[in-house]
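Trainee: Could you take me closely through one part of this model, the packing of its helices and the pockets that they line? I would like the terms spelled out as you go.

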Amino acid sequence: MTQGEDARIGLRERKKRETRVSLSQATIRLCVERGWDDVTVEDIADAANVSVRTFRNYFSGKAEAIAAGHLERMLRIADTLRARPAAEPLWDSVLHAVLVQFAQGDEAGARSAQDQRWRDGLRLMLAEPALQGEVVKANAAAQEVLAEAVAERTGTDAAREVYPKLVAAVIGAGSAVAVEHCLRADPPTPLVPVLRDVFDRLAAGLPTP
């Protein structure tokens, strides 16, 4: 394969990823704003400026599209983790990678901590039974990718050793706890400081308060 062919494949894959993200974000926004039952695939395709056929090429339905947003964020965290300086302590790198992605103010970020209607809608969407199975699958895929990134940084083997898998699971769990805390906090609590607190505690070994 020539260098030009490599570049074309890379561009094509990047565009596919961008389309997946756009469809996922449109699905989340509409479901939060209107409610799960009041959003159709046609609505999502129209909001994302694509055809229904294009949506179906990427996702089987709303649940898979929403779960893809979580997976995409974890993929970006893994990419950022790989790009951090090699000499940087692992948990410093993890904290930076997590904060970079959650600080962008997307569907589970700053907006959700400050807009009560958005928070309420997001909680209802996340409680939708149809979404649970897809979230489980997305979590499994995310942990596999995160474990590989951790293994690369620590010189461990994601297929044979527990450590990278454990760190990957902790990254996912810590992020989820922070988001859930902010969605239920009264008064509203910004997400980034909570994420920082969560991962600082993890880095310290979870000492008893």
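Mentor: What follows goes from two helix contacts to two pockets and then to two loops. This is a predicted model, in which local features need pLDDT of at least 70 and side-chain atom pairs count only at pLDDT 80 or more, while totals for chains, interfaces and linings use all residues. Residues are numbered from 1 along each chain as its sequence is written, and side-chain values use heavy atoms, with hydrogens and water left out.

Helices here are DSSP runs (H or I, at least four residues), numbered from the N terminus. Helix H5, residues 90-102, packs against helix H10, residues 191-203, at an angle of about 165°, with the axes 10 Å apart; H5 is therefore roughly antiparallel to H10, a term for angles over 145 degrees. The axes are lines fitted to C-alpha atoms over the stretch in contact, and the angles run from 0 to 180 degrees between N-to-C directions. H5 and H10 cross in a right-handed sense, which is to say that the near helix is turned clockwise from the far one by less than a right angle. On the H5 side, Trp91, Val94, Leu95, Val98, Leu99 and Phe102 make contact with residues of H10, among them Leu191, Val192, Arg196 and Asp200, where contact means heavy atoms within 4.5 Å. By class, the contact of H5 with H10 has 12 nonpolar, no polar and two charged residues; Ala, Val, Leu, Ile, Met, Phe, Trp, Tyr, Cys and Pro count as nonpolar, Asp, Glu, Lys and Arg as charged, and the others, Gly among them, as polar.

H5 also packs against H9, at an angle of about 40° and with the axes 12 Å apart, so H5 is oblique to H9, oblique being the term for angles that are not under 35, over 145 or from 65 to 115 degrees. This crossing of H5 and H9 is right-handed. Leu90, Trp91, Val94, Val98 and Phe102 of H5 meet Tyr163, Val167, Val170, Ile171, Ser175 and Val179 of H9, and the contact has 10 nonpolar, one polar and no charged residues.

H9 takes part in the largest pocket as well, giving nine residues, the largest share of its lining. A pocket is an open set of points on a 1 Å grid over the protein atoms alone where a 1.4 Å probe fits, with protein on both sides within 12 Å along at least five of seven lines, and lining residues have an atom within 4 Å of a point. The largest pocket has a volume of about 630 Å³, volume being the space filled by probe spheres set on the points, which are joined across faces, edges and corners. Of its 30 lining residues, the closest to the centre are His70, Leu126, Val135, Ala176 and Val179. Its lining has 18 nonpolar, seven polar and five charged residues.

The second largest pocket holds about 250 Å³, and Cys31, Val32, Glu33, Arg117 and Gly121 are the closest to its centre among 14 lining residues. H7 gives the most to this lining, six residues, and the lining has six nonpolar, two polar and six charged residues.

Two loops complete the picture. Pro187 lies in the loop between H9 and H10, and the peptide bond from Asp186 to Pro187 is cis, with omega near 5°. Asn49, in the loop between helix H2 and helix H3, has a positive phi of about 60° although it is not a glycine.
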